[in-house]
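Colleague: I'm new to this one and would like to learn how to read its cavities and helix packing. Could you walk me through it?

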Number of protein chains: 2
Amino acid sequence: MSFIATPQTMHFPEALPLQSGASIRDYHLAYETYGTLDAARSNAVLVCHALNASHHVAGVYEGQPNSEGWWDNMVGPGKPVDTNRFFVIGVNNLGSCFGSTGPMHRNPDTGRIYGADFPVVTVEDWVNAQARLLDRLGIERLAAVLGGSLGGMQALSWSLQYPERVRHAVVVASAPNLTAENIAFNEVARRAIVTDPDFHGGHFYQYGVVPKRGLRIARMIGHITYLSDDVMNAKFGRQLRDRLEPKYSTQDIEFQIESYLRHQADKFSEYFDANTYLLITRALDYFDPARRHGGNLSLALAPATAKFLLVSFKTDWRFAPARSREIVKALLDNKRSVSYAEIDAPHGHDAFLLDDARYMSVMRSYFDSIAKELA
Amino acid sequence: MSFIATPQTMHFPEALPLQSGASIRDYHLAYETYGTLDAARSNAVLVCHALNASHHVAGVYEGQPNSEGWWDNMVGPGKPVDTNRFFVIGVNNLGSCFGSTGPMHRNPDTGRIYGADFPVVTVEDWVNAQARLLDRLGIERLAAVLGGSLGGMQALSWSLQYPERVRHAVVVASAPNLTAENIAFNEVARRAIVTDPDFHGGHFYQYGVVPKRGLRIARMIGHITYLSDDVMNAKFGRQLRDRLEPKYSTQDIEFQIESYLRHQADKFSEYFDANTYLLITRALDYFDPARRHGGNLSLALAPATAKFLLVSFKTDWRFAPARSREIVKALLDNKRSVSYAEIDAPHGHDAFLLDDARYMSVMRSYFDSIAKELA
């Protein structure tokens, strides 16, 4: 049984300038906190989320026993990120669909639902918004910023945008930018959504429909790339769904893997916002701190002063270990303090969310050492 | 300048029983032949095609200088498969959309366009149809059967269904079956097509529309999986299409890779049939000669008496070298004659269609040795 989490909301009337040149004002951020901020305000840990997660990192909601947060195995009392020692903050990013201001909300400038007019937000924009939230919470400096995948990009970006506010950056299953193949997968998912007739140019809310066909395709593509070939073979292989002989149909479900993917796709299309999917995949595409340094990541990471832990997973082909090693090398080029663990887990990119004893032990001992620094 | 190729058609009134239990009658096969059948009828080479290719393997059509066949670099006078020595046959498979009977043709039993009612065809069915074509051409035994990818599955299946009719089987960039991940990618492509409102349950012809949205998505997914991550990075990387700064849009083209994929997708959706796409990906899914032998590939390949050449490409993650090695091992378990080449080409699965000096040299010397056997 996990502890009770309580979502909160913070309102920000003042405009936040965005990387695109646009700005957003009068917005809300949904967030949760776990544990107690110490008197020195030194034990705060910010957890940044990836594509379809939220501020609900850990714990369960009152009266909803199955509502565990998305990283409940990592964060909580006695967990690797121990809320008996740390004050942990989860925040839902701008443009998401889980409580913070997003495309399904009203644009204060026009009075209309944002839809496709919601401004493009970047990893850097999210970090700026998170920094304002910390200001309001009275937290000047984080003991650590922590994230996996797209969340890891935010942790890395924190160390560059606000080096003086970050003691430790923990970057899990991430990359210094997306490869062409990563962008390509995102683009197919976006095209599936945008070309769904129910998308209506991103203003589907006013038509009372949802581009579920596109969302389903997007989710299927995502799922395939989160898993490793090995784990898919182990879990599903070539098993037919419910018979020994194929029924020879092009449209019916034949293999177990098809059944699994369709089920995941249906679930996702019921709760995820199509415009949010476009915004978040674009934030992934755009992230590239080395771009303004001619592609030189070592130059790009020079401003970082935090200590780093990087973790990657051998079977992760979406954010392969080689990409984490690029970050490690660039940090070492700058003579930064870096720990790096490459975990031989079979689960592909999804491994960063799963229990693996070696992974959990690396995280636990790193956060133990942070706690000792603070003591 | 390549030689002139002339497509031909053979009509088959008698019913062909299919693996599904259905049958198809009164069908046509489009085919081409290059070179001259020798007096002993011993120098025939059958080339089997993959997903979106056809009987037009080599040469150009009269008056169409840019109409080179899909394997024109491999087959022709003086090419690795030398049409000065071999009588090469290309045949379009049943259910395809390039000349042989397919979903866009009329069902003789109902008088209506087949559409989604075209029977599901398997690799084994195609091989049976090809065998009938060879009967009609008076070819009892092939010097070689040759194919890449899905074409390689047909070559392998020939060696099992008609062992006495195959001297050599050349299986390039192929696999003994699809992995769960392969099936998953096929399934996403199929779902994109089937859920396109213009698909009309596979009977779109009568509505005067084509499910182009779905075909585009299917083609994009295909393209990503045909290429290696490396070659995509080398060719497109993170280059923006036509500017130095991003324009911050979720729907417009931003990166070169997006532009490339959309262009390929648009082209494909103009000429490829949606029902054919479903049929051909299903034929890929179903192929699994080991299934009836409890998954034991060595048992499954015991009937093969041909000599084999297998070729794989190191960066091919769709049909990885490990899959070819499974076939090699199973053949060696049966003490068959096997040559195997693993080519260190950067192009992923697409490599089997491209010029690579080592690859071409392996193919040339293998076919040289076949020619010498015949002489």
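Modeller: Happy to. One term before we start: a cavity is a set of grid points where a 1.4 Å probe fits but cannot get out, and its volume is the space filled by probe spheres set on those points. Keep in mind, too, that this is a predicted model.

Colleague: Okay, so how many cavities of 30 Å³ or more does a search of the whole structure find?

Modeller: The general idea goes like this: roll a probe the size of a water molecule over the atoms, and you see where empty space is left. Here, the search turns up five cavities of 30 Å³ or more. The largest has a volume of about 110 Å³. It is lined by 14 residues, and the closest to its centre are A192(A), T195(A), A192(B), T195(B) and R213(B).

Colleague: Which helices each supply at least two residues of that lining?

Modeller: Look at α4 (212-226) of chain A and α4 (212-226) of chain B: each of them gives at least two residues to the lining of the largest cavity. Sorted by class, that lining has six nonpolar, four polar and four charged residues.

Colleague: And what about the second largest cavity, how much space lies in it?

Modeller: About 60 Å³. Its lining includes L178(A), F185(A), T225(A), L284(A) and W317(A). Helix α3 (residues 180-194) of chain A provides the largest share of this lining, four residues. By class you get five nonpolar, three polar and two charged residues.

Colleague: Why does the second largest cavity lie between domain 1 and domain 2 of chain A?

Modeller: Check who lines it. Domain 1 (7-177 + 290-374) and domain 2 (182-281) of chain A both give residues to the lining, so the second largest cavity lies between them.

Colleague: Now the helices. How do I read the way α3(A) and α4(A) cross?

Modeller: In general, two packed helices are described by the angle between their axes and the distance between the axes. For α3(A) and α4(A), the axes come within 7 Å and cross at roughly 165°. An angle over 145 degrees counts as roughly antiparallel, and α3(A) and α4(A) are therefore roughly antiparallel to each other. Their crossing is right-handed.

Colleague: What is the angle between α4(A) and α6(A)?

Modeller: The axes of α4(A) and helix α6 (residues 256-271) of chain A cross at roughly 125° and come within 8 Å. That makes α4(A) and α6(A) oblique to each other. The crossing of α4(A) and α6(A) is right-handed.

How values were computed:
Residues are numbered from 1 along each chain as its sequence is written. Chains are lettered from A and ligands numbered from 1 in the order in which they are written. This is a predicted model: local features need pLDDT of at least 70, side-chain atom pairs count only at pLDDT 80 or more; totals for chains, interfaces and linings use all residues. Side-chain values use heavy atoms; hydrogens and water are left out. On a 1 Å grid over the protein atoms alone, a cavity is a set of points where a 1.4 Å probe fits but cannot get out, and a pocket is an open set with protein on both sides within 12 Å along at least five of seven lines; lining residues have an atom within 4 Å of a point. Ala, Val, Leu, Ile, Met, Phe, Trp, Tyr, Cys and Pro count as nonpolar, Asp, Glu, Lys and Arg as charged, and the others, Gly among them, as polar. Domain bounds come from an automatic or database domain assignment. Axes are lines fitted to C-alpha atoms, for helices over the stretch in contact, and angles run from 0 to 180 degrees between N-to-C directions. Angles under 35 degrees count as roughly parallel, over 145 as roughly antiparallel, 65 to 115 as roughly perpendicular and the rest as oblique. A crossing is left-handed if the near helix is turned anticlockwise from the far one by less than a right angle, and right-handed if clockwise.
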